[in-house]
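User: Please take a close look at the largest pocket of this model. I would like a connected account of what lines the pocket and of how its lining is composed.

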Amino acid sequence: MYLTAGFVFDDFDDARNRFAGVDPGYIYSRYANPTVAAVEQRIAALEHGADAILVGSGQAAISSALLGLLRAGDHVVSASSIYEGSRALFLENFPALDIESTFVEDANDPAEWERRIRPNTRALFAESISNPRNRILDVAAIADVARRHGIPLVIDNTFASPYLLRPIEHGADIVVHSASKFLSGHGTVLGGVIVDGGRFDWGAHPDRFSQLTHPGIDGGPGFLERFGRTAYSAYTRSVIVSRLGPTASPFTAFLIQQGIETLSLRLDRQSATALALARWLEGRPEVSSVDYAGLASHPHYELARRYLPRGQGSVFAVTLRGGVAAAKALINAVGLFTHMAHLGDVRSLIQHPASTSHAHRTDAQLRYEGIGPGMIRLSVGVEDAADLIADLERGLAAIPRSFDIEAAFSGTNSPPDGAVAAGLSAGPLVTVSTRTTER
C-alpha cells in the first residue's frame, strides 16, 4: 500500500519530465497512486473495459462519469427508475450547470428513448438492475438506440457487479459502480469506479465532444489524438476527477481489492439464497408480491435469464399486505437482518424505501414506481438461508393479524379492485383479516 500524498523525484529533470508527461512516473496521489492503479486495472479487466478510474464514492463515480461527457447547454436522457442520489443530481445539481435532464418511464422501450433524444443530448443513463423492484434493463436494445444516434450509453452496474453482468459486452460504452457495495462487500469503505469501454467513436462527431477532439488549453494535441480509444477516461481522470478532487485513498483501494478477491463466491451464495428467500416469501399469505427477477412471476424473468444466467443478484423488494404497520412490525422484529441504508454487504440488510431512500418522492411518483407503504427491501448476505427464513418468519409473525383498510391503502397504495364499490374506501373504520384480503 502506497500511503503517501506525494512521490519523491529523482532530480530536477525527473520532476520536469513527469509533469510534462514524458516520464509516466507518479507525482501526487490526487492524480494517480500505484495501489489505486492496481485496483483500477483489475476492475477494468473484470468489466472487459479499456480503463477504469477509482473515486471516493459511487455518487462521485456517477457525477464524474457524466461530467466527463456533459457541458453547459447539454442534455442527458435517463431511465426514471434510478438511485435517488442520481435522480437528485439530474434534477437539482445539473440545472445549476445549465445541463438538462429528461426521464424515460419505460426503460426497456427503445421508441421512448428515441423520442426523448434531442440534438444536444450527450448521454443516455440507466441501471442494469433497478432499485428496489429488481427490473432488468435490456442493455443491448438501448445500446442500439445510443449507437444509432452517436451518443454514449452509461450504465450503473452496481446491483449486478461484473461477475453477474458486463454491460460493455452488450453495447454499453461506460459503466459505473458504487464500489462500496458488492465490489467491496463488507460495508467498511466508500468507493466508486468509472469504467471506459474504449469502444465509442469520439471522432465521429467532433463538435459533440469537443473537450476530447479539440486542442487542449495549452494549444497542444487534444485527448483523442493523444490517447485514442481511452480519450474519455484520460480526460475524465485529468480534468474532472483530479480537479474536482473525489480521490480514493490507497487504503480504500486496498480494502476494495480484498473484497474483489471473494466477489464470485459471495455473489454465487447471495444470489442462490436470495432466490430461496424470494420463493419462500412468495408463498406467504402476509405477502402481496415479491419483486425478484429470478421468479417466473416477475415481468423481467426472461430478460434475467438472458442477461443474468449466473444469478439475479441479492437485492429485491417484498410488499406486505398490511401496509406501513406491517412493514414496521416486521423490521422491528427481525434480528439477523440489519436495519441499515446500505446493500451488497455480506450481512443481510433490510430497509423501508417509502420512508427512507424514496421519502422525497410524491405519492403519485411512488405509486407509479410501485413503491407502496408495505414494501420492504432486502439485501441478502451470506448467512445460512434457513436462518434467514427463520428470521423473516419471526418478523411476519409479529405483524398484527388484522389491520384497518384505510391505513393499509393510504398514501401510495390504492384500494383493491372493487373496494370503492364495496364501501371499503370510505365510511366507518373496517377491520379485515390480513390472510383473506387481497390488495
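Analyst: In this predicted model, five helices each supply at least two residues of the lining of the largest pocket: helix 1 (12-20), helix 2 (34-46), helix 8 (210-213), helix 9 (223-227) and helix 10 (231-244). Helix 10 gives the most, with eight residues. The pocket to which these helices contribute has a volume of about 1,300 Å³. Its lining comprises 39 residues, and the closest to the pocket centre are Phe223, Arg226, Phe227, Ala234 and Ser238. Of these, Phe223, Arg226 and Phe227 fall within the range of helix 9 (223-227), while Ala234 and Ser238 fall within that of helix 10 (231-244). By class, the lining of the largest pocket divides into 18 nonpolar, twelve polar and nine charged residues.

The second largest pocket may be set beside this one. About 470 Å³ of space lies in that pocket, and 24 residues line it. Tyr83, Asn131, Ser178, Lys181 and Leu343 lie nearest its centre. Helix 3 (58-67) and strand 6 (174-178) each supply at least two residues of this second lining, and Ser178 lies at the end of the range given for strand 6. Helix 3 gives the most to the lining of the second largest pocket, with three residues. The classes in this lining are seven nonpolar, twelve polar and five charged residues.

Conventions: Residues numbered from 1 in each chain as written. Predicted model: local features only at pLDDT ≥ 70, side-chain atom pairs only at ≥ 80, totals over all residues. Heavy atoms only, no water. 1 Å grid on protein atoms, 1.4 Å probe; cavity = no way out; pocket = protein on both sides within 12 Å on 5 of 7 lines; lining within 4 Å. Points joined across faces, edges and corners; volume = space filled by probe spheres on them. Helix = DSSP H or I, 4+ residues; strand = E, 2+ residues; numbered from the N terminus. Nonpolar A, V, L, I, M, F, W, Y, C, P; charged D, E, K, R; others polar.
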